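Please open the model in your viewer and keep the selection tool at hand. The stops below are meant to be followed in order.

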Amino acid sequence: MQTEDTPVFDIDEYLKQLPNRPGVYRMFDSEGEVVYVGKAVNLKNRVTSYFRGKSHNTKTQVMVSKIVSIEVTLTHSESEALLLENTLIKRLKPPYNISLRDDKSYPYVYISDQHDYPAMQYVRGGKNRKGRYFGPYTSAGAVRESLNLMQRIFRIRQCEDAFFANRQRPCLQFQIGRCSGPCTGEISKEDYAADLRHATLYLEGKNQLLLDEVSDQMNVAAQNLKFESAAALRNQLGFLRQVQEQQHVVSKRGNLDIFAVASSQSGLCIHQLMVRSGRVIGSKNFYPKMGLEETKPAILTAFLGQYYLSGQYRDVPDEVLVSDAQEEQQVIALTIAGRTEHGFKIISNVRGPRAQWLRLAQTNADQALLSYVANKQTQVSRFLALQEALDLPQMPERLECFDISHSSGEATVASCVVFDQGGPKKSDYRTFNIEGITPGDDYAAMSQAITRRYTRLKENQGIMPDLLIVDGGKGQITQAIQVLSELQLQDLYVLGVAKGDTRKAGFERLFNGWTGEEIALPDDSSALHLLQHIRDESHRFAITGHRARRNKKRTRSNLQQIDGVGPKRRQSLLSHFGGMQDLTKASIDELAKVKGISLDMADTIYRSLRGEDG
């Protein structure tokens, strides 16, 4: 923050001394916060352009008006500047940079190479275990669909190794024909390895080779009079051909990503099609926070730099097709190629099937943006309706809603969900484990949750809501008012949402927390729909938190309450059986097989888990 003693930033003198070298620049506001990070082949020319040009858009002009200082870092090359720029954007999150808000790691299909009968499993995140990874997929649903096919066609197991190691008879998956039963020796290692190879060929997109192999095996089985095996292979072959007919193939080989951008004054959407081994495995929409970039090529260039160079995305394809090209993208391509073991290029001028896929990606981006903007406009109209319904001086920007969940007083959890004009803001959701109250006392639980929430916001100067919504009757509202009064937050509007006599949607009773006045809204009111939405979301989030806490507590307490079963024995039991579900089903003899568990201790555990006296 500037003071009277802080020297005034002389932009003209500063620009004169900037070098004609590549590097990264950081622009600061009067609070000392970084408002923008950029890179340049020539720092002097690039930074000067912000203060000498007359054709900047409004957003750029506003940003420039806030700049009180600039710092630069020289680099050896434009490629090095690109890497540094993306590192700084990821760490500093400047408000005027385009922001890729996608912190989720992609899902994969994983096959271990450390097991005689490897499982195919769903995993997320980094490749930390030894084995093969197939993907990435754009959604968990796409992975589960592939795993479902693996079970139906090849009967590859998908259970955890701990579960596998402790089976004495085949599980239900074997009974319904979705697993070959390797856990109990129902299939030989050689036959299982052959099935796994076929599944691998399918995931690699080598469909014709797979069909040829299965067809040859079917003919051999028939010639050897193994008619049951031949029939099973015939069914497998027919199913594979059916699946192949339903798949869209971009090319016979290759891994590529396809990006198209759609932008308007109201928002920005970048659509991605992912192609692996010649097959489209999914698509994804990104809605980055818009930065200073004005043109589609510039937007896409900024996006690609963050997408592939942030360290979040580990799988880089051979090629990227883009709807809008820019010369600077080739710098990104060279930088990425230098960090991969294979070639990498970004292209836009394509013909034939690839041009069709680019057009499809563009159509998807345009449609997704229309839906996104329409949803945002619907949300804004709901907030306007809420302002009118509650006679607020201005449209609220942030709503918070609380709810309580427990099972007869056990594992009480309070939820706090947050909505802004873009809808649910899940990154700001919170749950509170309630302690030290009489079980089942919802009033005390509400008081504790609101006290903890708003004490913390006041101490840390957090973002206060414009409206606090309490899911409950006048008792819960009274608790909220008392807490807010003690915290001197009387200017926060409190609204109670109580269930009506019928407890059905549309019959809710609304109360002004401070005055007790009842507010009547028609059942077709968009303001009421907004309140119902946030109330239902807080209810769902509270139940989810409660169930997780209850299950964790019960799992822990069931074993913790058994005399003689300490942390090491608990860990051994859970590891051996793969969890409480199989542990509670175990016999005394099975329990006694666990390391460190004697026959007498096994008997004690067996009886305790069933609520029997010793």
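Two strands are said to pair if DSSP finds at least two bridges between them. With that in mind, and remembering throughout that this is a predicted model, select strand E13 (residues 410–420) together with strand E15 (residues 430–433), and you will find the two running antiparallel and joined by four bridges. Within this pair, look for Cys-416, which stands opposite Arg-430 in E15.

Next, keep E13 selected and add strand E12 (residues 398–407), which runs antiparallel to E13 and is joined to it by nine bridges. One of the places to pause is Ile-404, whose bridge partner in E13 is Ala-414. The hairpin of E12 and E13 has two residues between the strands, and here Ser-408 takes a positive phi near 50°.

Now add strand E14 (residues 423–424), which is also antiparallel to E13 and is joined to it by two bridges. Phe-419 has Pro-424 in E14 as its bridge partner, and E13 and E14 form a hairpin with two residues between them.

Is E13 enclosed by the rest of the structure, or left open? Buried means under 20% relative accessible area, and nine of the eleven residues of E13 are buried, so this strand is largely enclosed by the rest of the structure.

Move on to helix H16 (residues 526–560) and pick out Leu-531, which has its place there. Leu-531 is buried, with a relative accessible area of 1%. If you leave out residues up to four places away in sequence, Leu-531 touches Leu-386, Ile-469, Leu-495, Leu-510 and Leu-521. Then draw a distance from the C-alpha of Leu-531 to that of Cys-401: the two residues are 130 apart in sequence, and 9.1 Å apart in space.

The next selection is helix H11 (residues 296–309), where twelve of the 14 residues are buried, so that the helix is largely enclosed by the rest of the structure. Among the buried residues are Phe-303, Gly-305, Gln-306 and Tyr-307. The length of H11 can be checked as well, because at 1.5 Å a residue its 14 residues should span 20 Å, and its end C-alpha atoms are indeed 20 Å apart.

Turn now to the open sheet of three strands, which lie in the order E5-E4-E6 with antiparallel pairing. Strand E5 (120–124) and strand E6 (131–134) stand at the edges and have a single partner strand each, so one side of each is left without a neighbour in the sheet. From one strand to the next, the twist averages 35°. E4 and E5 are joined by five bridges, and Val-109 stands opposite Tyr-122 in E5. Helix H8 packs on this sheet, touching E4, E5 and E6, and its direction makes about 40° with that of E5.

For the last stop, consider that in soluble globular proteins nonpolar side chains tend to be buried together. In this model, the largest nonpolar core has 28 residues, and those with the most contacts inside it include Met-120, Met-150, Phe-154 and Tyr-202. Strand E4 (107–112), helix H5 (140–154), helix H8 (189–203), helix H9 (207–223) and helix H10 (227–246) each supply at least two residues of this core. A second, separate core has 25 residues and includes Ile-404, Ala-414, Met-446 and Ala-498, so you can return here to the bridge partners Ile-404 and Ala-414.

Methods. Residues numbered from 1 in each chain as written. Predicted model: local features only at pLDDT ≥ 70, side-chain atom pairs only at ≥ 80, totals over all residues. Heavy atoms only, no water. Buried < 20%, exposed > 50% of the residue type's maximum accessible area, 1.4 Å probe, protein only. Contact = heavy atoms within 4.5 Å. Expected span 1.5 Å × (residues − 1). Core = buried A, V, L, I, M, F, W, Y, C linked by side-chain atoms within 4.5 Å. Axes fitted to C-alpha atoms, helices over the stretch in contact; angles between N-to-C directions.
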